[in-house]
Amino acid sequence: MKHLRALVTLIAVVAMTVLLPGCGEPPRGIVLWHPYRGGEEAALKKGVLRFEAERGLKVTVLAVPYEAYLAKLEAAIPRGNGPDVFIGPHNRLGEYLLHRLVAPVGDAFPDADAPRYEPVTVAAITYEGERWAVPLASKCGALYYNPRLLPEAPRTLDDLAAKRDFALGPGIWPLAYESHTAYWHSALLHAYGGELFGAPASTEGGAGAPPGFAMTGEAAERSLDKARELVATRVVPDEASGDLVKTLFTTGKAASVISGPWLAGDLEDKVPYEVVPLPSIPGVGAMRPFLTVDGVFMTPEGAKSEGARALARSLGDAASAAERAEIGKQVVATRSYWSAQDGGGDAAALSPEAKRQRALLVAFHEASADAIPMPVSPAMNPVWVPAEQAIRKVLRGDASPRDALAEAKARYDDVMRTPPREAVSPAPLVVVVGLALLAAAFAVVRRVRAPGFRRELAASKPAYKYVLHAAITILVLVVLPLVAGAAMSFFAGTREEARFVGLGNYVEILTARGKPLLSHGSFYLTLLVTVAWTVVNVALHVSIGLVLGIALARPVLRLRAIYRVLLIIPWAVPSYVTALAWKGMFHRQFGAINAILVALGAEPISWFAKFSTAFAANVSTNVWLGFPFMMVVVMGALTSISKDVLEAAEVDGATRWQAFRLVTLPLLRPTLLPAVVLGSVWTFNMFNVVFLVSGGEPDGTTDILVSEAYRWAFARNAQLGYAAAYAVIIFGLLALMSKVLGRIGGGDAKEAI
Amino acid sequence: MSARSKRGSALEAVLVHALLLVAVVYALYPVLWVVTLALSKAGGIEPRVIPVPHGADEITLDNFRLVTGAGDPERSWLFARQLVNSLVVSFATAATAVAIATPAAYALARFEFVGKRSGLRGMLLTQMFPGVASAVPLYLILDALHLLDTRSGLVLVYAATAVPFAVFQLRGAFLAIPVDLEEAAMVDGATRTQAFLKVALPAARPAIAVTALFAFMSAWNEFILAATLLGRESAFTLPVVLQSYVGEYSTQWGAFAAGAILVSVPVMVLFYVAQRQLLSGLTAGGVKG
């Protein structure tokens, strides 16, 4: 026992001493978080340094990746560990308010400062009569065009449509934009007078119906018809991701693209370009993009600090704005920068590169004047997914605009269903939980009163010393968070404003919210998909892993070490980028898989248009990501098998197959079984491949249960209770399945788990 | 080597190599696209079967320079620190997870005790609960333990998530080792602890290696918890830094791909070294005793 403890303590001490340096906390002063990178980050830091020098205050700046930004804000701010000020886009204000992450900026933006900023940006950060941020910069789309391909700036969509069918050259598209996203489609929608969210933020805030799904009616239908026409007549490529749009333009395969100011940073000198406002549609109106405004927000804690407010204010001043424009290439919200440009400024002293840079900013500044600020409301987040499903459906030609939009509206209403308002009696919950506890207590009592229990307990003491620390670790860091999560399933609303609804969430999920049980997005349909997903994946993981593991175990194999390393590469490379590489490979027009199919003489396939092919795309990605793990497990397990046994089998005259089936496989079983069981459980809950590759396409049919839970938590108005109920149900299902499978598998399975 | 595996092994060797080559192509093909992305200026988009940058002049190391901050001492220094963070955190996670899981797995394989069944079941159950939004509860717990903003706290969290699998995996390995060896040692006067440390542990080394690799990998590529639980840029791990190339509107895929390749190199080196040490023919020494 002494040795064991010594070993564990030694490892713990070594680990901690290595880790401890760097934990000493220097004074932090004012804390600023931002999601910027590159030039934007450098410009921001410059402004902060100047503020520190002028005010003699310390400022700590932290860049947080966009994908973790909201999670981090949400975890830290309510606990008082958050920043004092943080930078974010104004359209997230609804969520910030929902989670109580922000306070009005107060004297960081006094009334006297109002003329300092562009009116459109001031309107964007004003909500219900309060100012919630100091506006820094605006972002909206504009048209980049390649003057080598289009000598004259395209003013109308028809100018571009005239170049359809590759009139400009083989494989050269007149226009590329992310036609399947709601954000970019909205520019067309606005041209026809439609809107995505109801009640655009009025300058004074307040009046009007609360924003909700507003993409209905004739304008929306006409905009979808137009989008479909652009794709069908080969003016615009389909399924273009942001990255594809960029590469099409830089490689001269798109004569013009619709994108934001961020694209310019990637273009550098790769391709000549000019920027003009979006084209108009003859007889209809101008395409108008959405406008988002980056602002400095104050946390409730930070709003109390004078220094923090002064920092926020100084980031909006003329000097900081000039830096952010010149270094960060931002379309700044501060007017003084633009008035200096109008007067010609120091233009003569500028290099051609800097001149071009300024022209670009000026073009975006002009475009922003005509853009529509995104409204602010927590109710708009759930609009995106149904809207995009409708757009994609129409673009694929699977539904008429009217039907697709009606369906999208119904889906939005379904998601936004109001949870029961009135206080719910906790009685049913108490009964269920009480019964469960009673059953558990009964089982414990029976066990304790069984003959010889004390003796057994005494005999167990040595074993407890071995398992104690594992038990504590798991209880505190694994079980506790899960219980906390499960408890949320009895509540509706956000974390900060939870309302007890008892078993209401469960009832709604299990009754498919009153719709037919196998309707779109219902729990039961998703469950079927999930089971198929798990079975197919695990079967492929295990069989590929077994075959490769056994092949690699051959003692005489040449290059064995090399093969092994090459074959674990899919596990070693971060899956975020490889999953997206797979998605790219399945692209209909530009993907490698279709290129191979064509080279073999087959027809290209539109992978994400049908459930079966989209599912196959997801599966091939996940199998690719997962087989190395199973292979390594098999390799590890094989080395534990004594060679004597196999040699004995051989001496007894067993064939290779017999030896494998009767000797190797049974011996592999104890080590392999946990990996298979846990692998199934993980696959059941593996949402990121589904998210990254098919994204639920077509029409949400490839979503599995856990991705549905994530959508409820993050894309649908933060209904965490509903998501938690989904999680508990998934948990219950898996527990039930493991029990049933354990019965079927007989003693062996029970022994292993 | 027995006589029979020599006979007719030429054909078999060819078949095995063919099989492995197919597997290698499947494993590497998507990665080649990532490499192309990292090396090329513009990235290629026309449908091509073989992913290569357009021409020699199109190949550039700019993305790698950008990620490592080459030319900017301050940024390179930060990158080096973050690389060290990643290594320290992942190795510490592997060590901690193995240290916590091995004794527990041994007890679950060799001892009968009250609560063993339910303990095993409970551990399996923890894996079944999807961790939707579990970052906030973890944040609260680490806050209460005063481990927020420390790498030790992050290591504990990673290790804890890896422990259940590690226990199952190691228990399976201990079950596969004949009990006789330890019993023989104990007859010779060894204590239970000595039998565990001197006999069972060496025999289970391949499984321990696999488990450690698993724990290492779970820490090596994780970014959400790391970004949420750590509060200073100098404490961040590499995946967090990589992820910051993904923005709301645009992603610097070239830089991301270059970073992803840099991140996966240490893992491959580690695996190459580890497999020689731990995955080949150890059984001979361990079990035959």
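**Helices of chain B, and a strand and a helix pair in chain A**

Chain B of this predicted model is built from 14 helices and zero strands, so that, by definition, every element counted there is a DSSP helix run. Read from the N terminus, the order of elements in chain B is accordingly α-α-α-α-α-α-α-α-α-α-α-α-α-α. Chain B has 289 residues, of which 52% count as buried, and among its contacts with a separation of 6 or more, 70% are between residues 24 or more positions apart.

Chain A offers a strand that can be followed from its own residues outward to its partners. Strand β12 of chain A covers residues 290–298, and because nine of its nine residues are buried, the strand is largely enclosed by the rest of the structure. The burial holds for both faces of β12(A): one side carries F290(A), T292(A), D294(A), V296(A) and M298(A), while the other carries L291(A), V293(A), G295(A) and F297(A).

The partners of β12(A) can be taken in turn. Strand β3 of chain A, residues 85–89, runs antiparallel to β12(A) and is joined to it by five bridges, with P89(A) standing opposite D294(A) of β12(A). Strand β6 of chain A, residues 133–140, also pairs with β12(A) in the antiparallel sense, over seven bridges, and here V134(A) stands opposite V296(A). Strand β14 of chain A, residues 372–373, is instead parallel to β12(A) and is linked to it by two bridges; in this pairing L291(A) of β12(A) stands opposite P373(A) of β14(A).

Further along chain A, a pair of helices deserves a separate look. Two packed helices are described by the angle between their axes and the distance between the axes. For helix α20 of chain A (residues 523–552) and helix α25 of chain A (residues 611–639), the axes come within 7 Å and cross at roughly 45 degrees. That angle is why α20(A) counts as oblique to α25(A), since neither the range under 35 degrees, for roughly parallel, nor that of 65 to 115, for roughly perpendicular, includes it. The crossing in which α20(A) passes α25(A) is right-handed.

The residues that meet in this crossing include V536(A), L540(A), I544(A), L548(A) and L552(A) from α20(A), and V619(A), V623(A), F627(A), M630(A), V634(A) and L638(A) from α25(A). The contact between the two helices comprises 17 nonpolar and six polar residues, with no charged ones. Among the residues taking part are also G545(A) and G549(A) in α20(A) and G626(A) in α25(A).

Note on methods
Residues numbered from 1 in each chain as written. Chains lettered and ligands numbered in written order. Predicted model: local features only at pLDDT ≥ 70, side-chain atom pairs only at ≥ 80, totals over all residues. Axes fitted to C-alpha atoms, helices over the stretch in contact; angles between N-to-C directions. Helix = DSSP H or I, 4+ residues; strand = E, 2+ residues; numbered from the N terminus. Parallel < 35°, antiparallel > 145°, perpendicular 65-115°, else oblique. Left-handed = near helix turned anticlockwise from the far one by under 90°. Contact = placed C-beta atoms within 7 Å. Nonpolar A, V, L, I, M, F, W, Y, C, P; charged D, E, K, R; others polar. Buried ≥ 20, exposed ≤ 12 C-beta atoms within 10 Å, placed from the backbone. Pairing = 2+ DSSP bridges.
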